[in-house]
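Me: Hey, can you walk me through this protein? I'm new to reading structures, so plain words please.

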Amino acid sequence: MPIKYIVFDLGNVLIPFNYQLVINRLNEVEAGLGDRYYTFYKDNYNVHRDYERGALTDDQFIEIMLGAIDHKVDKETYCKLFSEIFTVNEDVAALLPELKKNYRIFLLSNTSAIHQRYGWAKYSFLTHFEKLFLSHEVGAVKPEPEMYLSVMRHTGGKPEEHIFIDDVAEYVQGAKNVGWDGIQFVGYENLTEELRKRGIVF
């Protein structure tokens, strides 16, 4: 059955991110502050994951993170530091308007309201997507089935008509577990090769 719906991940597929930028800027506020923050962030990754699934409010998440850095910056500054970590994968972004000519395309991302508002909402390539499925709005995170099922409820299509592109193998497998095809993103050339193998036109 031919593919009708192409679903993209956001981070490290369309927008590479670099947490070292946050670390460096906090280290400028106070020596070692960024390093301590990142250690806390990694050791308490469940906090970040709960925030991405919408189980914590913006204010609850910010308060926990500001506590980890002894409130050395204010809320607004933290939100900017936390979010100014993205660049655009221009070659992948350029595929979107071409794919849109023949397929319905969607975004499916584990992300947060802060990253959306302060980090990536400004990017023009987002206009090519029919709909954004964001973890903090869905109330689940990849690779939980609900993330993928939320897309299918919208498209009304059969599982095998969907394909998912993500850099994380576990999340691609999550898509396959609900009957989708999947491509692990390792670079632009490999992605286009995998799309062509499937007869996807762009």
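**Pocket, helices and one residue**

Reply: Sure. Keep in mind that this is a predicted model. Let's start with the largest pocket: the residues of its lining divide into 10 nonpolar, 7 polar and 6 charged.

Me: What's the volume of that largest pocket?

Reply: About 350 Å³.

Me: And which residues lie nearest its centre?

Reply: Gly11, Phe17, Tyr45, Glu52 and Asn110 do, out of 23 residues that line the largest pocket.

Me: Which helix gives the most to the lining?

Reply: That's helix 3, with 4 residues. Helix 3 covers 45-52, and both it and helix 7 (113-120) supply at least two residues each to the lining of the largest pocket.

Me: OK, new topic. How do helix 4 and helix 5 pack?

Reply: Helix 4 (residues 58-68) and helix 5 (residues 75-83) meet at an angle of about 90°, and their axes are 11 Å apart. So helix 4 is roughly perpendicular to helix 5.

Me: Which residues make the contact?

Reply: From helix 4 you have Asp59, Phe61, Ile62, Met65 and Leu66, and from helix 5 Lys75, Tyr78, Cys79 and Phe82. The residues of this contact of helix 4 with helix 5 divide into 7 nonpolar, no polar and 2 charged.

Me: Is Phe61 buried or exposed?

Reply: Phe61 counts as buried because its relative accessible area is 0%, and buried means under 20%.

Me: What does Phe61 touch?

Reply: Leaving out residues up to four places away in sequence, Phe61 touches Val47, His48, Tyr51, Tyr78, Phe82 and Ile114.

Methods:
Residues are numbered from 1 along each chain as its sequence is written. This is a predicted model: local features need pLDDT of at least 70, side-chain atom pairs count only at pLDDT 80 or more; totals for chains, interfaces and linings use all residues. Side-chain values use heavy atoms; hydrogens and water are left out. On a 1 Å grid over the protein atoms alone, a cavity is a set of points where a 1.4 Å probe fits but cannot get out, and a pocket is an open set with protein on both sides within 12 Å along at least five of seven lines; lining residues have an atom within 4 Å of a point. Grid points are joined across faces, edges and corners, and a volume is the space filled by probe spheres set on the points. Ala, Val, Leu, Ile, Met, Phe, Trp, Tyr, Cys and Pro count as nonpolar, Asp, Glu, Lys and Arg as charged, and the others, Gly among them, as polar. Axes are lines fitted to C-alpha atoms, for helices over the stretch in contact, and angles run from 0 to 180 degrees between N-to-C directions. Angles under 35 degrees count as roughly parallel, over 145 as roughly antiparallel, 65 to 115 as roughly perpendicular and the rest as oblique. Contact means heavy atoms within 4.5 Å. Buried means under 20% relative accessible area, exposed over 50%, partly exposed in between (1.4 Å probe, protein chains only).
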